[in-house]
Amino acid sequence: MASDAKIICFRHCCSKSIFCKNVPKICPICRSCVVDYIIEPFLVPYPYSNAKYEPTSIVVRPSEGTFLNDYHIADDLHIGITNSDGIVFEYDKEGLIVNDCAKWTNCIAINIIPSSWENHWNETLKLILKDTKWKSENYHEMTMNCFNFVVEFINNLQYMNVNFVNKETMCDKLILPKLQDAIKYNSLFKQLKSTEFFIS
């Protein structure tokens with residue numbers, strides 16, 4: 001995380017949370033000197049990570065730009081899979097793409113398996129990569145895209161009861177909860193670009 005992306009939260013004199021980049025000497029609510037806290041300052045968890053440090057994960061990023069600076073809720077998302085070495089596999093109009101690292105440095109990573117499943121994850125990924133259906137000529141923006149690729153992988157993995165009827169179900173159950181956390185973080189980040197504090 002870049003230092004300018006950090007957000008600190010604390011409570012000083014009441015139940016309201018104060019979000020800021022740097023803890024102030026004077027409380028913006030009660031205007032007294034900050035000596036002690038109701039809740040000590042802590043870093044708000046950063047929702048993004050570099051895919052190469054997220055082995056055996058489903059990874060999500062905006063199709064264009066970055067989550068923190070460019071993303072709006074109506075924008076398209078792109079999705080991929082990392083193996084146990086953090087190598088990203090994705091499918092788009094170019095066909096299968098392996099480890100386009102630079103585009104995956106700020107993504108949402110979703111882990112759905114325990115470490116004991118790593119080998120099976122890798123083997124399932126190898127099998128899906130051999131399937132000729134994932135050629136560029138079969139790509140279709142609506143019916144044969146990166147989300148279809150990931151849904152098929154997850155369903156072939158057969159881990160516990162994690163499988164999805166379609167892309168919409170996967171988005172609702174797997175991606176949306178993480179995306180909501182990210183959007184809240186983005187909102188705070190944008191607020192703190194124009195003001196020193198945000199009180200909630």
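C20 counts as buried, because its relative accessibility is 0%. Buried means under 20% relative accessible area, exposed means over 50%, and partly exposed covers the range in between, with a 1.4 Å probe and protein chains only. C20 sits in strand β2, which covers residues 18-20. Helices (H or I, at least four residues) and strands (E, at least two) are DSSP runs, numbered from the N terminus. C20 touches I7, I8, F10, L192, E196 and F197, with residues up to four places away in sequence left out of the count. Contact here means heavy atoms within 4.5 Å. P114 lies 94 residues from C20 along the chain, and 36 Å separates their C-alpha atoms.

The structure is a predicted model, in which local features need pLDDT of at least 70, side-chain atom pairs count only at pLDDT 80 or more, and totals for chains, interfaces and linings use all residues. Residues are numbered from 1 along each chain as its sequence is written, and side-chain values use heavy atoms, with hydrogens and water left out.

The chain contains 4 helices and 9 strands. Their order along the sequence is β-β-β-β-α-β-β-β-β-α-α-α-β. The C-alpha trace spans about 65 × 35 × 30 Å along its principal axes. Of the 200 residues in the chain, 42% are buried. Contacts between residues 24 or more positions apart form 62% of the contacts with a separation of 6 or more. The accessible surface of the chain is about 11,300 Å². Carbon and sulfur atoms supply 51% of this surface. These areas come from the Shrake-Rupley method with a 1.4 Å probe, and for residues only the protein chains shown count as cover.

Charged side chains were also counted. There are 20 positive and 23 negative side chains. Lys and Arg count as positive and Asp and Glu as negative, while His and the chain ends are not counted. The centres of the two sets lie 6 Å apart. Each charge is placed at NZ of Lys, CZ of Arg, CG of Asp or CD of Glu.

Helix α4 covers residues 167-194. At I175 this helix bends by about 50 degrees. The bend is the angle between axes fitted to the seven residues ending at a residue and the seven starting there. A proline, P177, follows I175 within four residues. The buried residues of α4 include I175, M170 and L192. Also among them are K167, L174, L179, A182, Y185, N186, L188 and F189. L192 is one of the residues that C20 touches. At the start of α4, a side-chain oxygen of N166 comes to within 3.2 Å of the backbone nitrogen of E168.

Helix α3 spans residues 146-157. V150 belongs to this helix. V150 is buried, because its relative accessible area is 0%. Beyond its neighbours within four places in sequence, V150 is in contact with I58, I79, G80, I81 and M170. M170 is itself a buried residue of α4. The C-alpha atoms of V150 and L125 are 9.9 Å apart, with their positions 25 residues apart along the chain.

F153 is also in α3. F153 is buried, because its relative accessible area is 0%. Its contacts, apart from neighbours within four places in sequence, are I81, W121, T124, L125 and I128. I81 thus appears in the contacts of V150 and in those of F153. C30 is 123 residues from F153 in sequence and 54 Å away in space, C-alpha to C-alpha.

Three loop residues complete the description. G86 lies in the loop between β5 (77-82) and β6 (88-92). G86 is buried, because its relative accessible area is 2%. It touches A51, K52, P55 and N99, not counting residues up to four places away in sequence. G86 and I113 are 27 residues apart along the chain, and their C-alpha atoms are 15 Å apart.

R31 lies in the loop between β2 and β3 (39-43). R31 has a positive phi of about 65 degrees, although it is not a glycine. R31 counts as exposed, because its relative accessibility is 63%. Q158 is in the loop between α3 and α4. Its phi is near 55 degrees, again a positive value in a residue other than glycine. Q158 counts as exposed, because its relative accessibility is 63%.

How values were computed. A polar contact is a pair of N or O atoms within 3.5 Å; within protein, one must be able to donate a hydrogen and the other to accept it, and residues adjacent in sequence count only if both atoms are side-chain atoms.
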